[in-house]
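Dear colleague,

Here is the structure I promised to pass on to you. Please open it beside this email, and I will then go through what was found in it.

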Amino acid sequence: MHASDEVIIKFSKLKILWFMAMALVFVGGIVSLLQGGSVIKYIMSIVSITVGATLAYQEYWNILNLNKPQLVISTKGITTHDGEFYEWQYISNEKLVPLGSVKPTWFLWFETPGRNRKFHLDGLDKRPEQILALIKDFRKTSERHR
């Protein structure tokens with residue numbers, strides 16, 4: 001059960017740790033490259049720099065949005081990170097959809113008039129199952145108040 005009229009879901013604070021880890025991989029690659037050594041060490045340094053820089057760059061943009069709501073679930077409906085609002089009466093067939101088999105990437109999928117919506121749920125401060133439970137709970141609450 002929820003205590004308020006809405007739940008704000010943001011990025012997890014663990015994103016900061018992931019960003020720092022990728023930044024360390026990048027810095028470690030540079031330090032290793034500057035120390036010189038064999039061809040294998042040179043190749044591993046380049047790979048570390050490339051992977052660390054790419055992942056740190058991607059996470060940098062997530063960190064800028066760390067405190068911005070990614071999903072707001074309320075008694076009125078769902079608001080997404082891009083500001084789109086969907087009233088409960090126009091939302092149907094909401095479910096969790098995994099992509100991948102070993103460690104799946106989770107998406108919230110639901111139908112609205114004219115289009116289906118899919119939202120990436122990984123890296124948020126609530127687990128996908130918790131988000132779906134909140135959606136069901138808020139939907140029931142909104143139906144009781146009609």
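A good place to begin is one pairing inside the sheet, where V7 has I73 as its bridge partner in strand β2. Please keep in mind throughout that this is a predicted model, and that everything below was computed from its atoms.

The pairing just mentioned belongs to a longer arrangement, in which strand β1, residues 6–9, and strand β2, residues 71–74, run antiparallel to each other and are joined over 4 bridges. In a regular strand the side chains alternate between the two faces of the sheet. Strand β1 shows this alternation, for V7 and I9 point to one face and are buried, whereas E6 and I8 point to the other face and are not buried.

Is I9, which sits in strand β1, buried or exposed when its accessibility is worked out? Its relative accessibility is 0%, and since buried means under 20%, I9 counts as buried. Leaving out residues up to four places away in sequence, I9 touches P69, Q70, L71, I73, L124, D125, K126, I131 and L134. One of these partners, I73, is 64 residues from I9 along the chain, yet the C-alpha atoms of the two are separated by 8.1 Å.

On the partner strand, S74 is a residue of β2, and it counts as buried because its relative accessibility is 10%, which is under the 20% cut-off. If neighbours within four places in sequence are set aside, S74 is in contact with D5, E6, W88 and F138.

Two residues elsewhere in the chain make a useful contrast with these buried positions. I46 is found in helix α2, which covers residues 39–64, and with a relative accessible area of 34% I46 is partly exposed. I46 and M22 are 24 residues apart in sequence, and their C-alpha atoms lie 14 Å apart in space. N93 belongs to strand β5, residues 92–99, and it is also partly exposed, with a relative accessible area of 47%. Its backbone deserves a second look: most residues other than glycine have a negative phi. The phi of N93, however, is near 55°, a positive value in a residue that is not glycine.

With those details in place, we can step back to the whole protein chain. How many helices and strands does the protein chain have? There are 3 helices and 7 strands, and from the N terminus on they follow the order β-α-α-β-β-β-β-β-β-α. The radius of gyration of the protein chain is 20 Å, well over the 15 Å that the globule rule gives for 146 residues, so the chain is more spread out than a compact globule. Along its principal axes, the C-alpha trace spans about 70 × 30 × 25 Å.

Some totals complete the picture. Of the 146 residues in the protein chain, 33% are buried, and the chain exposes about 9,300 Å², of which carbon and sulfur atoms supply 62%. Among contacts between residues at least 6 apart in sequence, 54% join residues that are at least 24 apart. As for charge, the protein chain carries 18 positive and 13 negative side chains, and the centres of these two sets lie 4 Å apart.

With best wishes

Note on methods:
Residues numbered from 1 in each chain as written. Predicted model: local features only at pLDDT ≥ 70, side-chain atom pairs only at ≥ 80, totals over all residues. Heavy atoms only, no water. Helix = DSSP H or I, 4+ residues; strand = E, 2+ residues; numbered from the N terminus. Rg over C-alpha atoms; globule rule 2.2 N^0.38 Å. Buried < 20%, exposed > 50% of the residue type's maximum accessible area, 1.4 Å probe, protein only. Contact = heavy atoms within 4.5 Å. Areas by Shrake-Rupley, 256 points an atom, 1.4 Å probe, with all protein chains shown as cover. Lys, Arg positive; Asp, Glu negative; His and termini not counted. Charge placed at Lys NZ, Arg CZ, Asp CG, Glu CD. Pairing = 2+ DSSP bridges.
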